[in-house]
Amino acid sequence: MGSATQQLAADLWETFAALLTRARQAGAVRADVDAADARAIVPAALTARRRRADTARPGRLAALVFDCLRPHDPAAPPRR
């Protein structure tokens, strides 16, 4: 990548980290998720989507990823 592209990518991740912090503060995202976690999850989810290619259930993998990022209700029964 050129230096301008690298700077743009860095700016994007910095903005994403700020949004993630606000989402955690609002209780919309698990408190233990940080920007490095999300930076690892995004490409993994994209790769999984390509490999899975589930045309019968579009959006399923994205829903699973989003569900994993949501805070857990301590009163809810454990997921299996």
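T15 is partly exposed in this predicted model, because its relative accessible area is 47%, and a residue has to pass 50% to count as exposed and fall under 20% to count as buried. The residue lies in helix α1. Its C-alpha atom is 25 Å from that of G59, and the two residues are 44 positions apart along the chain.

Helix α1 covers residues 3-25, and two aromatic residues in this helix deserve a look. W13 and F16 form an aromatic pair, and the structure holds one such pair. How are the two rings placed? The centres of the W13 and F16 rings are 5.4 Å apart, and the planes of the rings make an angle of 85°. Rings count as edge-to-face when their planes are over 60 degrees apart, so the pair of W13 and F16 is edge-to-face. The two residues are three positions apart in helix α1, which means that about one helical turn separates W13 from F16.

Are these two residues buried or exposed? Neither word fits, because W13 has a relative accessible area of 23% and counts as partly exposed. F16 is also partly exposed, because its relative accessible area is 31%.

The next stop is helix α2, which runs over residues 35-52. T47 has its place in this helix. With a relative accessible area of 35%, T47 is partly exposed. The C-alpha atoms of T47 and V29 are separated by 22 Å, and 18 residues separate the two along the chain. R49 is found in helix α2 too. Which class does R49 belong to? R49 counts as exposed because its relative accessibility is 59%, and the cut-off for that class is over 50%. From C-alpha to C-alpha, R49 is 25 Å from M1, with their positions 48 residues apart in sequence.

Now consider the chain as a whole. Its secondary structure consists of three helices and zero strands, and the order of elements from the N terminus is α-α-α. Why is the chain described as more spread out than a compact globule? The globule rule gives 12 Å for 80 residues, and the radius of gyration of this chain is 15 Å, well over that value, so the chain is more spread out than a compact globule. Along the principal axes, the C-alpha trace spans about 50 × 35 × 15 Å.

How much of the chain is buried? Of the 80 residues, 6% are buried. The accessible surface of the chain is about 6500 Å², and carbon and sulfur atoms account for 59% of this surface.

Contacts and charges complete the picture. Among contacts in the chain with a separation of 6 or more, 42% are between residues 24 or more positions apart. The chain carries 13 positive and 8 negative charges. The mean position of the positive charges and the mean position of the negative charges are 9 Å apart.

Key. Residues numbered from 1 in each chain as written. Predicted model: local features only at pLDDT ≥ 70, side-chain atom pairs only at ≥ 80, totals over all residues. Heavy atoms only, no water. Helix = DSSP H or I, 4+ residues; strand = E, 2+ residues; numbered from the N terminus. Rg over C-alpha atoms; globule rule 2.2 N^0.38 Å. Buried < 20%, exposed > 50% of the residue type's maximum accessible area, 1.4 Å probe, protein only. Contact = heavy atoms within 4.5 Å. Areas by Shrake-Rupley, 256 points an atom, 1.4 Å probe, with all protein chains shown as cover. Lys, Arg positive; Asp, Glu negative; His and termini not counted. Charge placed at Lys NZ, Arg CZ, Asp CG, Glu CD. Phe/Tyr/Trp six-rings, centres within 6.5 Å; stacked < 30°, edge-to-face > 60°.
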